[in-house]
Amino acid sequence: RDFKLIISFGGDGTALRAMHLAWLNKLPVLNIGLGRIGYLVNNLHENEFSKISNISSFQYSFRKPLIQNTNNRRPAFNEIVINKISPTRLLDIEITTYEQNVNLRADGLIISTPTGSTAYSLSAGGSIIYPNLKVWIIIPMLPHNLSSRPFIISSDRKVEIQVTSGPDKNAYISADGQTELPISYGTKVNISEKSDVLKLVHPSNYNFFEACRDKLGWALDVT
């Protein structure tokens with residue numbers, strides 16, 4: 001069958017699953033919101049539904065996913081998270097990027113795209129990043145050292161992460177909140193940006209700052 005478009009109805013979780021499917025099948029995706037907040041979804045008025053068959057009347061934005069160890073079957077459009085099960089003891093984590101090593105102790109680590117900067121990253125104290133910027137934000141989760149702060153790097157760099165020790169048998173890694181997979185201590189996880197883009201479809205009047213105001217409760221006027 002010659003499919004032209006994937007449409008999802010639901011919240012951000014549904015939208016992310018649709019985005020994965022669309023990217024793997026090289027199709028554009030239109031996410032329509034039925035959930036509570038739904039930052040990744042669009043609120044369409046009745047008169048806009050009639051235009052869906054004429055997709056050229058909509059606007060597009062483009063997203064590149066993060067991948068781990070060249071695994072194209074588990075793309076992350078929001079974030080990759082490394083964490084643990086034990087609630088009290090910390091992970092020892094080594095991060096290598098720009099040919100520099102950073103060592104820290106924390107509950108875990110979030111590596112977020114600009115798209116994900118309004119999701120888990122935001123809850124963990126990360127900055128909101130304009131979607132078109134070619135950067136990632138790396139956020140230590142509840143670090144032991146107060147100077148361990150979120151930092152932003154260029155998305156054209158590779159990041160190597162190694163969990164050297166922790167309280168449980170393994171650490172765990174997940175992409176966009178999907179199934180957590182165990183990773184043994186000492187295993188090197190290489191994270192990079194995939195060049196293949198996902199095409200997101202938005203209504204013609206979509207505005208990033210209006211979305212921040214409406215869905216995140218910003219007290220600002222957009223003109």
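This passage describes the internal cavities and the helix H1 of a predicted model.

Rolling a probe the size of a water molecule over the atoms shows where empty space is left. Two cavities of 30 Å³ or more were found. The largest holds about 120 Å³ of space. Its lining comprises 14 residues. Tyr-39, Leu-40, Arg-63, Thr-115 and Tyr-206 lie nearest the centre of this cavity. Nine of the lining residues are nonpolar, four are polar and one is charged. Arg counts as charged, so Arg-63 is the charged residue in this lining.

The second largest cavity encloses about 30 Å³. Ile-82, Ile-161, Gln-162, Val-163, Ile-183, Ser-184, Thr-187 and Val-189 form its lining. Strand S11, spanning residues 159-165, gives the most to this lining, with three residues. The lining of the second largest cavity includes five nonpolar and three polar residues. No charged residue takes part in it.

Helix H1 covers residues 12-24, 13 residues in total. From the first C-alpha to the last, H1 reaches 18 Å. This is close to the 18 Å expected at 1.5 Å a residue. Within H1, the buried positions are Ala-15, Leu-16, Ala-18, Met-19, His-20, Ala-22 and Trp-23. Each has under 20% relative accessible area. The cover over these buried residues includes three strands: S1 (6-10), S2 (29-33) and S15 (198-202). After H1 comes Lys-26, which has a positive phi, near 55 degrees.

Note on methods: Residues numbered from 1 in each chain as written. Predicted model: local features only at pLDDT ≥ 70, side-chain atom pairs only at ≥ 80, totals over all residues. Heavy atoms only, no water. 1 Å grid on protein atoms, 1.4 Å probe; cavity = no way out; pocket = protein on both sides within 12 Å on 5 of 7 lines; lining within 4 Å. Points joined across faces, edges and corners; volume = space filled by probe spheres on them. Helix = DSSP H or I, 4+ residues; strand = E, 2+ residues; numbered from the N terminus. Expected span 1.5 Å × (residues − 1). Buried < 20%, exposed > 50% of the residue type's maximum accessible area, 1.4 Å probe, protein only. Contact = heavy atoms within 4.5 Å.
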